[in-house]
Amino acid sequence: MSENKLNLAVFISGRGSNLQSLIDACKDENYPAQIAAVLSNKPDVQGLERAKKANIPTITVSHKDYETKQSFEGAMLEALKDYPIDFICLAGFMRILSPHFINHWPDKIINIHPSLLPEYKGLNTHERALADGKKEAGCTIHYVVPEMDSGPIVMQKKVPILGDDTPKTLAERVLEQEHIAYPEAVRLLAKAKS
Ligand code: GRF
């Protein structure tokens, strides 16, 4: 671990393809960030395998093991204490963080969302964009605030919606841009803080 880089914790719940884009970006020695830990709220997900393969420490805190959000988040905060975390990247993390958790990391948590926010907050973004006859879709990296999918925008990437798109084909086109956007956004933020 280099001393001058921004230390990231990446939070995931599944596939971890955005995590992979960050892992790949961090392989460049000139990239200004590094991943100190990957946290998942689900055991046995592909993203954890990706982290292990890259020799990144993993933390699993299953929300199912806790009766309240407060105790679940308390366990996450406790586990993160073992790592030097400057910044948290939510990458397909499917739990909504409480204001209490967010206030532990003011302006230091970002999320990637598969729509051009403020349009289509929440789930099923591609289905909804297609149903509305939209011509453009995309992804957004934004700061996390207590209101879901609503914090200040760091970066957006757009893609066209094509006539024969299905939610799946559109999701694939957007995901390609997500994988470009997340490492770019982290680079921007790391440079701004250095
Ligand atoms: C991505 O589409 C991301 O925008 C959304 O959840 C999905 C996670 O995919 N928040 P992956 O786990 O990074 O492959």
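Here a colleague quizzes a modeller about the ligand site, the cavity and two backbone oddities in this predicted model.

Colleague: Let's start with the ligand. Which residues are around the ligand?

Modeller: They are Arg15, Gly16, Ser17, Asn18, Gly92, Ile112, His113, Pro114 and Glu178. Each one counts because it has a heavy atom within 4 Å of the ligand. Two elements, α1 (17-26) and β5 (109-113), each supply at least two residues of that shell.

Colleague: What makes the link between Arg15 and the ligand a polar contact?

Modeller: The cut-off is 3.5 Å between N or O atoms. A polar side-chain atom of Arg15 is 2.5 Å from an oxygen atom of the ligand, so the pair passes. Ser17 passes too, because an N or O atom of its side chain is 2.5 Å from a ligand oxygen. For Glu178, the distance from a polar side-chain atom to an oxygen of the ligand is 2.7 Å, so that pair also falls within the cut-off.

Colleague: How much of the ligand's accessible area does the protein cover?

Modeller: On its own the ligand has 370 Å² of accessible area, and the protein covers 84% of it.

Colleague: How are the shell residues divided by class?

Modeller: Two are nonpolar, five polar and two charged. Gly16 and Gly92 sit in that shell, and glycine goes with the polar group by definition.

Colleague: And where does the ligand sit?

Modeller: The ligand takes up the space of the largest pocket. That pocket has a volume of about 910 Å³. It is lined by 35 residues, and the closest to its centre are Gly92, Phe93, Met94, Ile112 and Pro114. By class, the lining has 16 nonpolar, 13 polar and six charged residues. α1, β5, α5 and α6 (167-193) each give at least two residues to it.

Colleague: Why is a cavity not called a pocket?

Modeller: Because a 1.4 Å probe fits in a cavity but cannot get out, whereas a pocket is open. The structure holds one cavity of 30 Å³ or more, and the largest cavity has a volume of about 60 Å³. Its lining includes Pro114, Tyr120, His126 and Glu136. The elements giving two or more residues to that lining are α5 (125-131) and β6 (136-143). The lining divides into five nonpolar, four polar and two charged residues.

Colleague: Now the backbone. What makes the peptide bond from Leu117 to Pro118 stand out?

Modeller: That bond is cis, with omega near 15°. Most peptide bonds are trans. Pro118 is in the loop between β5 and α5.

Colleague: And what is notable about phi of Asp44?

Modeller: Phi of Asp44 is near 60°, a positive value in a residue other than glycine. Most residues other than glycine have a negative phi. You'll find Asp44 in the loop between β2 (33-40) and α2 (46-53).

Notes:
Residues are numbered from 1 along each chain as its sequence is written. This is a predicted model: local features need pLDDT of at least 70, side-chain atom pairs count only at pLDDT 80 or more; totals for chains, interfaces and linings use all residues. Side-chain values use heavy atoms; hydrogens and water are left out. On a 1 Å grid over the protein atoms alone, a cavity is a set of points where a 1.4 Å probe fits but cannot get out, and a pocket is an open set with protein on both sides within 12 Å along at least five of seven lines; lining residues have an atom within 4 Å of a point. Grid points are joined across faces, edges and corners, and a volume is the space filled by probe spheres set on the points. Helices (H or I, at least four residues) and strands (E, at least two) are DSSP runs, numbered from the N terminus. A polar contact is a pair of N or O atoms within 3.5 Å; within protein, one must be able to donate a hydrogen and the other to accept it, and residues adjacent in sequence count only if both atoms are side-chain atoms. Accessible areas come from the Shrake-Rupley method with a 1.4 Å probe; for residues, only the protein chains shown count as cover. A molecule sits in a cavity or pocket if more than half of its atoms lie within 2 Å of its grid points.
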